[in-house]
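Thanks for coming, everyone. I would like to spend a few minutes on the ligand site, so please have a look at the structure before I go on.

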Amino acid sequence: MKAPSNTRMDADYLLVGGGLQNALILLALAERQPEASILLLEREDALGGNHIWSFQTLDLPASAMGWAAPLIEYRWPGYQLHFRESSRWVEGTYSSMSSEQLDRVVRQVAATRANIRIETGAAVTSCDARGVTLSDGRVLHGRLVVDARGPDNGARRGGGGYQKFVGLECRLRQPVSMSAPILMDTRCDQRDGFRFHYVLPFAEDRVLIEDTYFSNDPALDVATLRDGIVAEAAGLGFEIESVLRTEVGVLPMPSFSTFSPRHREPLQGGYAGGWFNPGTGYSLAAAARLAEHLSSVPIDAVYGPAWRRLVRHIRVQSHFLAFLNLLMFGFFHDAQRAKLMERFYLLPDDVVHRFFAMETTLVDMWRIMWVGAPWTPKGWGKRAACPPD
Ligand SMILES: Cc1cc2nc3c(=O)[nH]c(=O)nc-3n(C[C@H](O)[C@H](O)[C@H](O)COP(=O)(O)OP(=O)(O)OC[C@H]3O[C@@H](n4cnc5c(N)ncnc54)[C@H](O)[C@@H]3O)c2cc1C
């Protein structure tokens with residue numbers, strides 16, 4: 001579908017898919033380009049699906065805080081890791097937000113602006129450089145089309161493994177006092193690759209408990225894992241009263257980078273465009289950087305020098321992080337994989353933050369490779385085991 005030059009435009013920015021990526025783009029544009037018209041199309045009735053998104057201190061660049069801060073629902077001063085033989089505290093804000101919060105904030109912004117429209121229940125059947133066709137037959141045009149219809153829409157596979165998990169948001173019978181999340185507790189039976197529990201304490205009587213695997217196999221038996229979490233919760237210190245919500249994820253951790261954006265439209269954003277961290281399967285950091293870019297340049301200069309710099313940066317990070325997956329899923333199995341993760345967390349806090357944020361420097365790359373090597377002395381980098389008083 002190539003629109004003739006006199007085609008009536010329905011919006012400057014036509015955002016296809018109302019998930020994480022396009023929600024971030026909409027919020028960034030609303031702040032930085034208040035005159036721009038935006039039309040967001042989402043197939044479902046709500047934006048954002050069914051997720052809790054968590055992120056670390058550098059994942060959201062400081063410059064993004066103006067438009068992104070309202071999304072943040074929970075903030076903690078750092079997070080805890082527990083391995084069989086050691087514990088580790090990583091300092092630096094750790095934050096979470098839910099799909100409901102994303103939906104709320106985006107709709108609030110749209111409600112105050114006549115030039116921002118959101119259409120839910122709008123399934124797009126095809127998407128091209130200047131427009132989309134919807135399942136009801138309508139054709140809509142935009143000056144810039146961003147296609148971010150999520151992982152099921154053309155995301156390429158790059159071998160490697162998966163971060164897969166089942167998470168239960170639980171109401172607790174007995175309140176617990178936890179000041180920060182547990183990012184990894186590996187003191188559980190190890191199976192299916194590398195296994196750990198992940199815990200987010202939302203309130204004294206409400207936590208998210210996830211059973212997570214770094215596995216070579218994407219298969220996930222949700223019912224069995226769900227029962228397993230309920231059975232193991234007491235051992236983790238939680239008395240579950242009821243399960244409020246279940247979330248399931250099978251996130252690719254490719255061993256070859258799938259990041260290869262085209263320098264032409266439609267711009268493929270989010271997961272489908274490879275805008276995610278191969279080392280974690282998480283996409284918020286890369287999605288925020290794309291939102292920052294699109295909101296910082298005029299619509300006619302999207303593919304200018306700043307775009308090329310951003311793409312080069314993400315490409316280098318993506319190749320390095322995918323290479324780590326090649327090593328981990330190809331050569332480190334079972335107990336060796338657990339050991340590798342424990343060694344990774346010997347690295348200083350700022351290296352860990354840059355790894356998650358896709359801001360790894362050349363020195364960081366060397367340090368990550370070196371600390372992961374089996375011959376590196378174990379006592380090399382003792383770190384804080386728990387938060388400072
Ligand atoms: C359970 C889970 C937890 C995760 N947790 C984190 C986390 O903590 N931190 C992190 O950084 N990453 C996390 N991720 C990974 C990643 O951030 C998410 O997958 C993220 O939502 C990807 O963003 P996206 O915009 O590319 O796709 P999505 O958020 O999936 O959005 C795509 C949207 O497009 C819509 N859509 C699809 N097809 C059509 C169509 N034909 N027409 C119209 N609309 C359509 C979908 O309904 C959906 O709303 C998680 C993933 C999962 C599955």
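**The ligand and its surroundings**

The shell around the ligand holds 30 residues, and those that come nearest are Gln21, Glu42, Ser54, Tyr271 and Ser283. Please keep in mind that this is a predicted model.

As for composition, the residues of that shell divide into 14 nonpolar, 11 polar and five charged. Among the elements that each supply at least two residues of the shell are α1 (20–32), β3 (52–55) and β14 (240–253).

Let me turn to the polar contacts. An N or O atom in the side chain of Ser283 is 2.6 Å from an oxygen atom of the ligand, a polar backbone atom of Leu20 is 3.1 Å from a ligand oxygen, and a polar side-chain atom of Trp53 lies 3.4 Å from an oxygen atom of the ligand. On its own the ligand has 980 Å² of accessible area, of which the protein covers 92%.

Where, then, does the ligand lie? Domain 1 (11–74 + 93–156 + 256–315) and domain 2 (161–253) both give residues to its shell, so the ligand lies between them, and the space it takes is the largest pocket.

Technical notes:
Residues numbered from 1 in each chain as written. Predicted model: local features only at pLDDT ≥ 70, side-chain atom pairs only at ≥ 80, totals over all residues. Heavy atoms only, no water. Near = heavy atom within 4 Å. Polar contact = N/O pair within 3.5 Å; in protein donor to acceptor, adjacent residues only side chain to side chain. Areas by Shrake-Rupley, 256 points an atom, 1.4 Å probe, with all protein chains shown as cover. 1 Å grid on protein atoms, 1.4 Å probe; cavity = no way out; pocket = protein on both sides within 12 Å on 5 of 7 lines; lining within 4 Å. Sits in = over half its atoms within 2 Å of the grid points. Helix = DSSP H or I, 4+ residues; strand = E, 2+ residues; numbered from the N terminus. Nonpolar A, V, L, I, M, F, W, Y, C, P; charged D, E, K, R; others polar. Domains from an automatic or database assignment.
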